[in-house]
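Trainee: I have a new model open and would like to learn how to read its features one by one. Could you walk me through it?

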Amino acid sequence: MSNPVLKKLVKDETRSAQTTPAGYPAMPGYAPGNSGYTNYQSQQYADPYAHQAGAGASAGTATQQGYPRYPQQADQFDEFEQRYNQPSADAVDRGRLTIDDVIVKTGILFGILLVAAAGAWAVTRANPSMGLGLMFGGLAVGFVLALIISFSRSPKPGLTMVYAAAEGLALGGVSSVMEIVYPGIVLQAVVGTLSVFGVTLALYASGKVRYSSKMARFAMISLFGIITFSIVSFLLNITGVLDSSLRSITVMGIPLGVFIGVFCVFIGAICLIGDFEVAKVAVEQGAPSKFAWTCAFGLMVTLVWMYLEILRLLSYFRE
C-alpha cells in the first residue's frame with residue numbers, strides 16, 4: 001500500500017498489533033526467527049466465531065483452512081479504501097476562491113449598475129434637471145461607500161451592491177446629460193471602455209504584461225497626482241479664481257484635458273492589470289470565496305472611473 005494516508009490510517013488502527021522487524025503486521029502464529037506459522041488454533045489466536053461454525057454460520061464468519069477472519073479490521077480497511085477512491089475535494093467544496101466566483105460577482109455588480117443607470121437615464125430624459133441631482137447624489141454616496149468598503153477588514157457584499165446601485169444612478173444621470181449635448185457619445189464611451197478592458201485582459205492573459213512593484217508604485221503616485229490636480233481645479237473653480245476647470249487650459253491649441261484624459265486612461269489600464277493580479281494571487285493562495293466581492297469591487301471602481309474619463313475625453317474631441 002503506497003498511499004501515505006492509508007498507511008497512517010492502517011497504522012493507527014493496528015498500533016497495538018505485533019509487527020515484524022520490517023514494520024509489517026504479523027500474522028497469527030508468527031515469531032521472530034521462525035519461518036513458519038504454528039499453533040493456529042492456540043488459545044491466544046482462537047477464532048471468536050468458531051462457535052458459530054458448528055451452528056451453520058456462513059463461511060465468511062467461520063474459520064477457513066485454519067486461518068481466523070477479522071471482519072472488523074477488514075471492514076475498516078474497506079472503508080479507508082473507499083474514502084481514498086472518492087474524488088478529491090475541489091476549491092468549491094473547500095469554500096475557496098475561484099475565477100468563476102470573481103466573474104459571477106462582477107457580473108452581479110454590473111447588472112445592478114446597469115439597472116440603476118437605466119432608471120436614472122429614463123428620469124433624466126423626462127426631467128433633465130433631475131439628472132444633475134442623481135449624478136451628484138450617486139457620486140457622493142458612492143464615494144462614502146467606497147471608503148468604507150476599502151478600509152473594511154472583510155468583504156461587504158451588501159455595501160458593495162449598494163455602491164453599484166449608487167454608481168449606476170450617477171452614471172445614468174451624467175450619461176443622459178452628455179448624450180443630450182453630444183448625441184452618440186455614450187455608445188462611443190462604452191465601446192472605448194470595453195475595448196481597453198478587452199485589450200488589457202488579453203495582454204495580461206497572454207503573459208506579455210505583468211504587474212510589477214515598479215508598475216504599482218508608478219500607478220499609485222499617478223493616482224495621487226490626478227486626485228490632487230482634480231481637487232485643486234475644483235477649489236480654484238468654486239472660489240472664482242478660474243472661470244472653468246484647469247482642464248480647459250489650452251496647450252498649443254489643445255485643451256489640457258485631452259492630455260490628462262489620455263494619461264488617466266493609461267493609468268486605468270495599469271490599475272486593471274493590478275486588479276487581475278490581485279484576483280489571480282487570491283485564487284492561487286486559496287483565499288475564501290467571499291473575497292470575490294472584493295475583487296469585483298476593485299474591477300468596478302476602475303472601470304467606472306475609466307468610463308468617465310473616456311466620456312470626458314470624447315467631449316473634448318466633439319468640441
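Trainee: Let's start with packing: which helices do the buried residues of α4 pack against?

Mentor: To read packing, take the buried positions of a helix and look for their partners. In this predicted model, the buried residues of α4 pack against α5, α6, α9 and α10.

Trainee: Which residues of α4 are buried?

Mentor: The buried set consists of D101, V102, K105, T106, L109, L113, A116, A117, A120 and T124.

Trainee: How do I compare the length of α4 with what its residues should span?

Mentor: Set the expected rise beside the distance between the helix ends. For α4, 28 residues at 1.5 Å a residue should span 40 Å, and the end C-alpha atoms lie 41 Å apart, so the two agree. Helix α9 can be read likewise: its 29 residues should span 42 Å, and 42 Å is the distance between its end C-alpha atoms, which agrees. After α9 comes G286, with a positive phi near 70°.

Trainee: What about the nonpolar core? Why look for one at all?

Mentor: In soluble globular proteins, nonpolar side chains tend to be buried together. Here the largest nonpolar core holds 50 residues, and V102, Y163, I185, M300 and I310 touch the most other members. At least two core residues come from each of α4, α5, α6, α7, α8, α9 and α10.

Trainee: Which helix gives the most to this core?

Mentor: That is α10, with 14 residues. To see one core member at work, select I310: apart from neighbours within four places in sequence, I310 is in contact with A189, G192, T193, V196 and V265.

Trainee: Now a single side chain. Is L203 buried, exposed or partly exposed?

Mentor: Relative accessibility decides that. L203 lies in helix α7, and its value is 36%, between the 20% and 50% cut-offs, so L203 counts as partly exposed. Setting aside neighbours within four places in sequence, L203 is in contact with K208 and V209. In sequence L203 and I273 are 70 residues apart, while their C-alpha atoms are 9.1 Å apart in space.

Trainee: And the cysteines: how many disulfides does a search of the whole structure find?

Mentor: Zero. You can still ask how covered a cysteine is. C271 has a relative accessible area of 15%, under the 20% cut-off, so C271 is buried. C295, at 7%, is also buried.

Trainee: How would you summarise the overall architecture?

Mentor: Count the elements, then follow their order. The protein has ten helices and two strands, and from the N terminus the order is α-α-α-α-α-α-α-α-β-β-α-α. Of its 319 residues, 33% count as buried. Among contacts between residues at least 6 apart in sequence, 73% join residues at least 24 apart. The exposed surface is about 19200 Å², with 65% of it supplied by carbon and sulfur atoms.

Trainee: Where is confidence lowest, and where is it highest?

Mentor: Look at the mean first, then at the elements. The protein has a mean pLDDT of 77, and 70% of its residues reach 70 or more. Confidence is lowest in helix α1, residues 4–13, with a mean of 36, and highest in α7, at 93. The pLDDT is below 50 over residues 1–18, a stretch with 21 contacts in the model beyond near neighbours in sequence. Residues 34–47 are also below 50, and that stretch has 20 such contacts.

Key
Residues numbered from 1 in each chain as written. Predicted model: local features only at pLDDT ≥ 70, side-chain atom pairs only at ≥ 80, totals over all residues. Heavy atoms only, no water. Core = buried A, V, L, I, M, F, W, Y, C linked by side-chain atoms within 4.5 Å. Buried < 20%, exposed > 50% of the residue type's maximum accessible area, 1.4 Å probe, protein only. Helix = DSSP H or I, 4+ residues; strand = E, 2+ residues; numbered from the N terminus. Contact = heavy atoms within 4.5 Å. Disulfide = S-S within 2.5 Å. Expected span 1.5 Å × (residues − 1). Areas by Shrake-Rupley, 256 points an atom, 1.4 Å probe, with all protein chains shown as cover. pLDDT = per-residue confidence, 0-100.
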